Amino acid sequence: MVTELALRRPDDWHLHLRDGAMLQGVLPESARHFGRAIIMPNLVPPVVTGADAAAYRDRILAALPDGMAFEPLMTLYLTEGTDPADVRAAAASGLVKAVKLYPAGATTNSHGGVRDFDKVRGVLEAMAEIGLPLCVHGEVTDPAVDIFDREAVFIDRVLDPVRRATPGLRVVMEHITTSQGADYVRSADRDLAATITTHHLIINRNHLLVGGIRPHYYCLPVAKREEHRLALRAAATSGDVRFFLGTDSAPHVDPLKECACGCAGCFTATNTMALLAHVFDEDGALDRLEGFVALNGPAYYRLPVNHGTIRLVKHDQPVTFPEKIHTGAGPVTVFDPGFPVFWDVAAD
């Protein structure tokens with residue numbers, strides 16, 4: 001039985017840090033274990049231009065506690081007015097590593113996203129030419145489509161036509177939640193990958209709804225049926241290099257989660273590595289955990305792997321994690337998997 005595991009320092013390929021007091025409060029939770037992260041641009045106002053991204057990166061680095069090493073990998077928020085020349089320049093400078101597509105209205109602060117894909121064709125063609133990845137929040141926002149079907153419909157209606165119309169466009173399907181999403185990634189032999197979150201490996205829609213609504217399990221894309229959760233676990237633990245970790249750790253203060261119209265997002269930065277060790281151990285795949293968290297993502301983004309390692313240890317007794325992170329913006333509840341966890345990152 002494996003009780004200790006050394007891994008290359010992992011990366012998070014989908015992370016929300018917010019801004020201001022919230023940024024200062026939650027950044028150490030990611031920087032403690034992760035070397036780099038793809039930073040989501042859905043601030044208010046959003047990170048649209050290269051100048052916006054540079055300013056946001058500077059705020060992140062200024063908030064990083066002394067003694068912590070962490071590299072924010074910046075993204076641009078795709079709008080119908082995005083300038084292809086600005087995207088090219090931001091990518092050429094090394095500042096921006098991806099562009100993020102939010103269908104308008106799909107999730108938190110996505111109202112400025114894309115409605116008419118013909119208006120962003122020039123940007124997508126420029127990205128295909130320079131090899132800059134498009135990170136996709138893959139849900140349609142058509143009110144006639146059931147919320148549990150929106151990922152599968154997005155693949156058919158939007159993503160597949162966009163990819164066919166833009167040969168060479170490199171796409172990351174972020175936070176996939178369905179077997180259809182995993183199967184679509186497997187159907188492509190190049191230019192397509194997917195991130196999988198920690199919480200979607202652990203919860204299904206019953207955890208959210210049965211016995212009372214649990215607001216801290218509410219996220220977008222929403223958790224699906226158990227068959228889809230198992231499909232995600234099979235993909236994550238398979239060793240397939242097209243799947244890698246993107247936590248989508250998304251902090252909201254408790255009053256905005258625990259209300260009549262609660263915000264979407266699970267905050268998993270604090271305990272993600274311990275939870276992943278539990279999942280991969282349970283599925284007999286600890287030898288594939290390093291690929292999922294530390295190797296596959298850099299390979300897709302054409303970046304070197306991190307220097308340094310972290311060490312995971314399995315204890316005899318369950319590990320306790322903080323219930324909340326207290327920030328200057330207010331308390332943020334840490335994701336609770338609902339079962340005892342024996343793994344933790346060793347404090348070397």
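How many cavities of 30 Å³ or more does the structure hold? The answer is five. Keep in mind that this is a predicted model. Below is a quick tour of one of those cavities, three helix pairs and a few spots where the backbone does something out of the ordinary.

**The second largest cavity**

- This cavity has a volume of about 70 Å³.
- Its lining takes in Leu78, Leu101, Phe117, Val120, Leu124, Leu134, Val136, Phe154, Val158, Leu159, Val162 and Val171.
- Sort those residues by class and you get 12 nonpolar, no polar and no charged.
- Two elements, β6 (134-137) and α5 (150-165), each put at least two residues into the lining.
- Helix α5 gives the largest share of the lining, with four residues.

**Helices α3 and α4**

- Helix α3 covers residues 84-92 and helix α4 covers residues 121-130; their axes come within 9 Å and cross at roughly 25°.
- Angles under 35 degrees count as roughly parallel, so α3 and α4 are roughly parallel to each other.
- The crossing of α3 past α4 is right-handed.
- On the α3 side, the contact is made by Pro84, Val87, Arg88 and Ala91.
- On the α4 side, Gly122, Val123, Ala126, Met127, Glu129 and Ile130 do the job.
- By class, this contact has seven nonpolar, one polar and two charged residues.

**Helices α1 and α2**

- The axes of α1 (residues 20-31) and α2 (residues 50-63) come within 9 Å, crossing at roughly 65°.
- Here, too, you are looking at a right-handed crossing.
- From α1, the residues in the contact are Leu23, Gln24 and Leu27, and they meet Arg59, Ile60 and Ala63 of α2.
- That contact breaks down into four nonpolar residues, one polar and one charged.

**Helices α10 and α11**

- Further along the chain, α10 (residues 272-282) packs against α11 (residues 289-301) at an angle of about 140°, and their axes are 9 Å apart.
- Only angles over 145 degrees count as roughly antiparallel, so α10 is oblique to α11.
- Met273, Leu276, Ala277 and Phe280 of α10 touch Leu289, Phe292 and Val293 of α11.
- The class count for this contact is seven nonpolar residues, with no polar and no charged ones.

**Backbone spots to look at**

- As background, most residues other than glycine have a negative phi, and most peptide bonds are trans.
- Valine 44 and proline 45 are joined by a cis peptide bond, with omega at about -5°.
- You'll find proline 45 in the loop between β3 (36-39) and α2.
- Leucine 220 and proline 221 are also linked by a cis peptide bond, and omega there is about -5°.
- Proline 221 sits in the loop between α7 (205-209) and α8 (226-236).
- Aspartate 248 isn't a glycine, yet it has a positive phi of about 55°.
- To spot aspartate 248, look in the loop between β9 (243-245) and α9 (254-257).

How values were computed: Residues are numbered from 1 along each chain as its sequence is written. This is a predicted model: local features need pLDDT of at least 70, side-chain atom pairs count only at pLDDT 80 or more; totals for chains, interfaces and linings use all residues. Side-chain values use heavy atoms; hydrogens and water are left out. Axes are lines fitted to C-alpha atoms, for helices over the stretch in contact, and angles run from 0 to 180 degrees between N-to-C directions. Angles under 35 degrees count as roughly parallel, over 145 as roughly antiparallel, 65 to 115 as roughly perpendicular and the rest as oblique. A crossing is left-handed if the near helix is turned anticlockwise from the far one by less than a right angle, and right-handed if clockwise. Contact means heavy atoms within 4.5 Å. Ala, Val, Leu, Ile, Met, Phe, Trp, Tyr, Cys and Pro count as nonpolar, Asp, Glu, Lys and Arg as charged, and the others, Gly among them, as polar. On a 1 Å grid over the protein atoms alone, a cavity is a set of points where a 1.4 Å probe fits but cannot get out, and a pocket is an open set with protein on both sides within 12 Å along at least five of seven lines; lining residues have an atom within 4 Å of a point. Grid points are joined across faces, edges and corners, and a volume is the space filled by probe spheres set on the points.
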